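Q: Could you take me through the sheet in this protein and the helices that lie across it? I would love one connected description that I can follow alongside the model.

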Amino acid sequence: MSNNDIFEMDSVTETEEMEGDTELGMIDEEVVYPEEFLPTYESIKEGTKVTKAELTEFNDKEDSLFFNDGVRRIDFILVYEDEDKKEFEKRHTFQRKKRRREYFEASLMKMGMELEATKSVIDEKLTFVKVHMPWDVLCTYAEVLHIKLPIQANDLSSRPSPWRYLSCITKYFYPNEDLIRKETEFFTAPFEKDRLDYFYVRDRDTFFTQSMRSRMAYYILSRALYEIRGSIKKFGITKLLDGGVYKAAYPLHDCRFNVKSKEEGCPNERFLLYEEWAHPKSFYKMQPLDLIRKYYGEKIGIYFAWLGFYTIMLALAAVVGLGCFIYGYKTQETSTWSKEVCDPEIGGKIVMCPQCDRECKYWRLNSTCEASKKLCIFDNFGTLVFAVFMSIWVTLFLEFWKRYQAELEYEWDTVAFLEQQEPPRPEYEAKCIYERKNPVTGVKEKVPYTACGRCVRVSIGIGTVLFWILLILASIVAITVYRLAAFFAFSARLRAQDLKELEPLKEYVTPQMATSVTASLISFVVIMILNILYERVAIWITDFELPRTKTDYENSLTLKMFLFQFVNYYSSCFYIAFAKGKAVGYPGDPVYLLGKYRNEECDPGGCLIELTTQLSIIMGGKAIWNNIQEVLLPWVKNLIFRYCTRVASEKVIPRWEQDYQLQPVSKLGLFYEYLEMVIQFGFVTLFVASFPLAPVLALVNNLFEIRVDAWKITTQFRRVVPEKAQDIGAWQPILQGVAILAVATNAMIIAFTSDMIPRLVYYWSFSVYPYGDYPGHTMQGYINSSLSIFNTDDFSNFSMPISKVPNMTTCRYRDFRFPPGHDRQYEYTMQYWHVIAAKMAFIIVVEHIVYLTKFILSYVIPDVPYAVKEQIKREKYLTQVILHETNLKLVSKRLKPVIDDTLKVTEASMAMDDLELGF
């Protein structure tokens with residue numbers, strides 16, 4: 001490759017393209033690809049006749065997965081619209097596409113691939129190009145991609161299952177073994193063409209699985225040239241799809257999802273996956289992970305393995321959370337402080353100060369009776385136990401997942417899958433114009449940017465992400481302003497004594513509840529709108545940064561999207577938990593936001609019930625919205641497409657055309673599936689102290705999510721291009737970060753958002769001498785102790801309520817301050833400082849205990865099971881033995897001609913000596 005060669009995906013403008021239409025952009029100089037990336041590459045010389053794909057008629061075999069000869073297997077399908085069928089006045093605009101397509105197909109055939117074209121049965125303008133990779137090409141690229149293949153049957157005995165004694169029961173919860181048989185386990189090694197004899201090749205047709213073949217085919221398709229203009233070389237199926245040269249590119253499903261194939265020898269794996277995995281009747285069964293991995297590749301397999309493991313672990317958390325909820329529900333009627341709120345002689349005689357300026361009215365404490373009862377369900381000692389339990393649970397989940405993931409890595413041959421083995425993205429290769437010395441190999445290599453250029457790209461990316469995060473924070477401020485204004489309006493309306501239309505609900509609907517529900521709904525809508533906008537920005541930033549491999553690309557995009565989603569989804573929850581009601585002042589000197597809006601206060605029982613409302617609305621709304629997007633939209637799109645392309649019933653539609661009618665797979669693949677689950681994981685762990693039912697809702701959602709995702713990927717979408725993956729990528733450290741943060745947030749929710757600590761301080765210190773009048777520790781009198789007294793004559797002119805109650809000189813408000821007339825009136829009392837000290841001590845003690853427990857568990861539980869370590873060592877040993885034997889044979893082969901020549905020379909020399917002696 002010359003230093004002036006520039007590889008591009010497609011950077012020439014349309015004007016330049018049209019001007020160059022008169023010339024066929026053939027190669028006039030040799031292009032040299034790195035042999036390790038594209039060893040079969042051959043350029044097409046200028047003036048060479050371009051080879052075209054053979055056009056054949058459909059042979060009426062609807063389930064066939066082969067070329068018309070019935071021998072060559074179809075590894076990939078390309079679909080294009082025939083330009084010659086276009087209207088005459090538009091035809092000239094499509095000639096460039098035709099030349100690019102023909103050149104691209106010629107490049108594929110030059111690289112050893114075989115093509116066969118067939119016209120569409122439904123639409124005469126469509127043509128389907130079938131791609132086949134011969135055995136030699138498969139072997140070549142299996143070595144390039146470091147694909148691990150079997151060398152010997154696994155001779156290590158597997159550890160017996162602890163559930164084997166209950167097999168008569170557990171077998172009903174597993175896929176039918178008569179349909180999905182357990183495959184033989186093999187020791188594997190990276191494929192090498194020169195050592196083919198040492199690999200376990202029973203049948204060349206099945207040695208490489210269909211997912212391997214599709215992966216290798218896509219690797220070549222994404223790097224084949226389609227045009228060369230001067231020093232600019234353009235390549236890759238991605239840009240041909242974006243530019244409309246091809247309508248689609250996809251590997252084939254092996255059969256219809258609900259009908260077995262009529263072709264002899266077809267494995268019918270899609271049908272088996274539907275029957276034993278995606279069908280609603282199989283919702284209670286474990287997932288056939290090995291078959292999922294075999295059919296869709298390791299990346300899809302590891303996602304469903306993680307989702308299934310997460311759901312199983314959620315079952316334990318859901319049981320404990322449901323127990324805490326039932327405990328709170330049963331004890332709500334026995335709560336002393338709640339009884340005091342509802343008691344007409346206590347709460348009915350306490351007049352509370354207005355919670356906004358001028359328009360708000362005085363109100364009775366017992367008007368919040370029902371809200372205080374509901375709060376008892378969530379704000380109790382069971383919640384504290386559950387919050388500590390969830391902090392331990394999340395550690396166990398992550399540690400046991402690491403062990404399970406290690407087992408899958410070994411079974412699926414991804415243990416040694418390193419970044420060095422992953423090929424660069426075509427977009428990265430296209431921009432490689434600078435040289436640098438590889439710090440690992442010491443060899444000069446091409447890179448797309450200098451160190452300074454990379455710094456600029458990353459800085460622009462970080463700046464853009466920060467800007468959007470600030471935009472979210474601005475929206476949160478706007479919603480907060482709405483909350484303040486709405487609370488003002490609701491207080492004026494709902495406190496009115498003549499509100500007849502809400503009479504049945506009047507005792508349930510408080511200004512705080514009405515404000516919280518409407519603000520939560522608005523927050524949810526804003527979240528969804530910002531998500532749609534930011535998605536485009538995040539993709540653009542990541543494309544601009546130009547990561548080297550697809551794993552780097554996905555990790556970079558994952559981090560950006562999660563940072564945004566974290567702020568977007570959780571900021572309103574953090575506001576309610578840690579900001580609302582914390583800086584309100586007192587009625588005579590309230591605190592104002594932006595100098596105009598008076599900060600809103602919590603209910604006398606605290607803000608915990610509002611946080612619960614916010615969580616339930618966002619979690620429920622998100623689940624409903626995602627299911628509509630994932631199920632309804634693809635189903636409706638496929639229904640409309642089938643209706644628009646319906647044909648006479650007697651026509652036979654080939655397998656490739658049936659797949660074309662399905663929905664294309666998103667470019668981001670599983671990104672949104674992971675994002676949805678990780679956001680849910682955050683709700684389950686970060687704020688679980690306020691909502692013990694969160695794991696229950698998450699469990700129910702995930703039971704549907706597994707089957708919905710399975711149904712969607714099996715029935716509604718084209719087959720995914722298989723990809724290799726060792727783990728869940730950047731999501732793993734994100735989960736660990738959320739788990740660490742969850743300990744702090746739950747401790748602070750219990751300390752600052754709930755009233756548990758103030759109640760404990762009152763019970764142990766202020767209910768008895770010297771602060772209280774009761775002979776023993778009790779919760780009686782807590783409500784009176786937690787409400788301070790305010791003189792109504794101390795209202796400022798701006799905040800003085802319009803409506804006045806006759807003969808009322810004082811009102812109550814939620815705080816610990818000295819009463820009017822005291823030497824330190826309206827200053828904090830000793831009880832306030834006791835409560836603050838207890839809250840800080842609680843956070844420090846709980847955090848340290850939980851973090852210590854998490855550290856011990858992480859240390860005690862090994863990441864890789866002992867049995868897996870043994871198998872990995874055995875496999876490495878076998879591989880080394882085979883490599884050693886192969887090297888010995890190669891050396892022997894090379895030395896044999898030398899030895900033969902030496903023997904011949906020796907024999908000739910001896911013959912000459914004999915002749916001399918004869919003379």
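A: Here is a walk through the sheet, its central pairing and the helices around it. This is a predicted model, in which local features need pLDDT of at least 70, side-chain atom pairs count only at pLDDT 80 or more, and totals for chains, interfaces and linings use all residues. Residues are numbered from 1 along each chain as its sequence is written, and side-chain values use heavy atoms, with hydrogens and water left out.

Let's begin with the sheet: five strands, in the order β2-β4-β5-β3-β10, make an open sheet with mixed pairing. Strands are DSSP runs of E with at least two residues, helices are runs of H or I with at least four, and both are numbered from the N terminus; two strands pair if DSSP finds at least two bridges between them. At the edges sit β2 (54-56) and β10 (248-250), each pairing on one side only. On average, neighbouring strands are turned by 25° against each other, direction ignored.

Within this sheet, β4 (residues 114-119) and β5 (residues 126-132) run antiparallel and are joined by six bridges. Lys-119 stands opposite Thr-127 in β5.

Now for the helices. Helix α3 (residues 95-110) lies across β3 (76-81), β4 and β5, at about 160° to β3. Helix α7 (residues 210-221) lies across β3 and β5, at about 45° to β3. Contact here means heavy atoms within 4.5 Å; axes are lines fitted to C-alpha atoms, for helices over the stretch in contact, and angles run from 0 to 180 degrees between N-to-C directions.
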